[in-house]
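Here are some exercises to work through at your own pace, with the structure open beside you. Try each task before you read its solution.

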Amino acid sequence: MRTELTAHLTLVHADITIGVIRDGDRALLINVGDGAALREVEGTVAGILFTHHHRMVACGAHDLVAAGAATYVPAVERQWFENPQAFWDDPQYRYGLFDLHPHHQMLAEGFRVDHALADGD
């Protein structure tokens with residue numbers, strides 16, 4: 001389902017709500033979810049702006065990044081987008097019993113980060 005807010009801004013309602021800012025045939029996504037809602041996005045995805053790191057907002061980004069979409073992430077969370085394996089490998093993030101990781105929102109696989117944004121950017 002889609003909600004057209006303006007001629008250039010659409011909300012796509014799926015596993016999460018995705019913002020789509022359009023300029024001609026190019027689109028900037030605000031989060032991407034699992035990627036299933038991308039059939040609702042018209043034009044070429046030129047970039048993805050992530051509001052925060054969680055698997056549910058970023059797990060569908062890999063194909064878009066591989067196709068050349070620029071990525072914008074919060075600077076303080078850059079490491080989790082680029083190298084989530086550091087989380088999975090670090091013993092401080094485990095309960096210790098059977099190697100259980102309590103944080104289930106971490107990406108399983110990272111991707112290229114083009115722009116790390118700080119407050120005010």
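A residue counts as buried when its relative accessible area is under 20%, as exposed when the value is over 50%, and as partly exposed in between. Keep in mind that this is a predicted model.

**Exercise 1. Reading a strand**

Task: Work out which side chains of S4 point to one face and are buried, and which point to the other.

Solution.
- Step 1: Find strand S4, which spans 26–30.
- Step 2: Follow the side chains along S4 and see that they alternate.
- Step 3: Sort them by face: Ala 27 and Leu 29 share one face and are buried, whereas Arg 26, Leu 28 and Ile 30 point to the other face and are not buried.

**Exercise 2. The neighbours of S4**

Task: Say in which sense, parallel or antiparallel, S4 pairs with S3, and do likewise for S4 and S5.

Solution.
- Step 1: Look at S3 and S4: they pair in the antiparallel sense over 5 bridges. One pair to look for is Arg 22, whose bridge partner in S4 is Ala 27.
- Step 2: Look at the connection between S3 and S4. The two strands form a hairpin with 2 residues between them, and Gly 24 in the turn has a positive phi of about 65°.
- Step 3: Turn to S4 and S5, which pair in the parallel sense, also over 5 bridges. Here Leu 29 stands opposite Ile 48 in S5.

**Exercise 3. Two residues in one loop**

Task: Decide whether Asn 31 is buried or exposed, and answer the same for Arg 39.

Solution.
- Step 1: Locate both residues. Asn 31 lies in the loop between S4 and S5, and Arg 39 is found in that loop too.
- Step 2: Apply the cut-offs. Asn 31 has a relative accessible area of 7%, so it is buried. Arg 39 has a relative accessible area of 68%, so it is exposed.
- Step 3: Check the backbone of Asn 31: its phi is positive, about 70°, although Asn 31 is not a glycine. Most residues other than glycine have a negative phi.
- Step 4: Follow the side chain of Arg 39, which reaches the backbone oxygen of Ala 36 at 2.2 Å.

**Exercise 4. Into the core**

Task: Find which residues touch the most other members of the largest nonpolar core.

Solution.
- Step 1: Start from the size of this core: it has 23 residues.
- Step 2: Pick out those that touch the most other members: Leu 29, Ile 48, Phe 50, Phe 81 and Phe 111.
- Step 3: List the elements that give two or more residues to this core: S3 (17–23), S4 (26–30), S5 (44–49), helix H1 (55–58) and helix H2 (62–66).
- Step 4: Explore the surroundings of Leu 29. Leaving aside residues up to four places away in sequence, Leu 29 touches ten residues you can look up, among them Ile 18, Val 20, Leu 38, Val 45, Ile 48 and Leu 64.

**Exercise 5. Rings that meet**

Task: Explain why the pair formed by Phe 50 and Phe 81 is called tilted.

Solution.
- Step 1: Note that the structure holds 3 aromatic pairs.
- Step 2: Look at the geometry: the ring centres of Phe 50 and Phe 81 are 5.2 Å apart and the planes stand at 40°, so the pair is tilted. The cut-offs here are under 30 degrees for stacked and over 60 for edge-to-face.
- Step 3: Place the rings in the chain. Phe 50 is in the loop between S5 and H1 and Phe 81 in helix H3 (residues 78–82), so the pair ties together parts 31 residues apart in sequence.
- Step 4: Check accessibility: Phe 50 has 3% and is buried, and Phe 81, at 0%, is buried as well.
- Step 5: Add Phe 111. Phe 50 and Phe 111 form a tilted pair, 5.6 Å centre to centre with 35° between the planes. Phe 50, Phe 81 and Phe 111 form one aromatic cluster.

**Exercise 6. A bridge within a helix**

Task: Find how many residues apart Glu 82 and Arg 78 lie in helix H3.

Solution.
- Step 1: Count along H3: Glu 82 and Arg 78 are 4 residues apart, about one turn of the helix.
- Step 2: Inspect their side chains, which form a salt bridge with the closest N and O atoms 3.1 Å apart.
- Step 3: Classify both ends: Glu 82, at 37%, is partly exposed, and Arg 78, at 31%, is partly exposed too.

Key
Residues numbered from 1 in each chain as written. Predicted model: local features only at pLDDT ≥ 70, side-chain atom pairs only at ≥ 80, totals over all residues. Heavy atoms only, no water. Core = buried A, V, L, I, M, F, W, Y, C linked by side-chain atoms within 4.5 Å. Buried < 20%, exposed > 50% of the residue type's maximum accessible area, 1.4 Å probe, protein only. Contact = heavy atoms within 4.5 Å. Phe/Tyr/Trp six-rings, centres within 6.5 Å; stacked < 30°, edge-to-face > 60°. Polar contact = N/O pair within 3.5 Å; in protein donor to acceptor, adjacent residues only side chain to side chain. Pairing = 2+ DSSP bridges. Salt bridge = Lys/Arg side-chain N within 4 Å of Asp/Glu carboxyl O.
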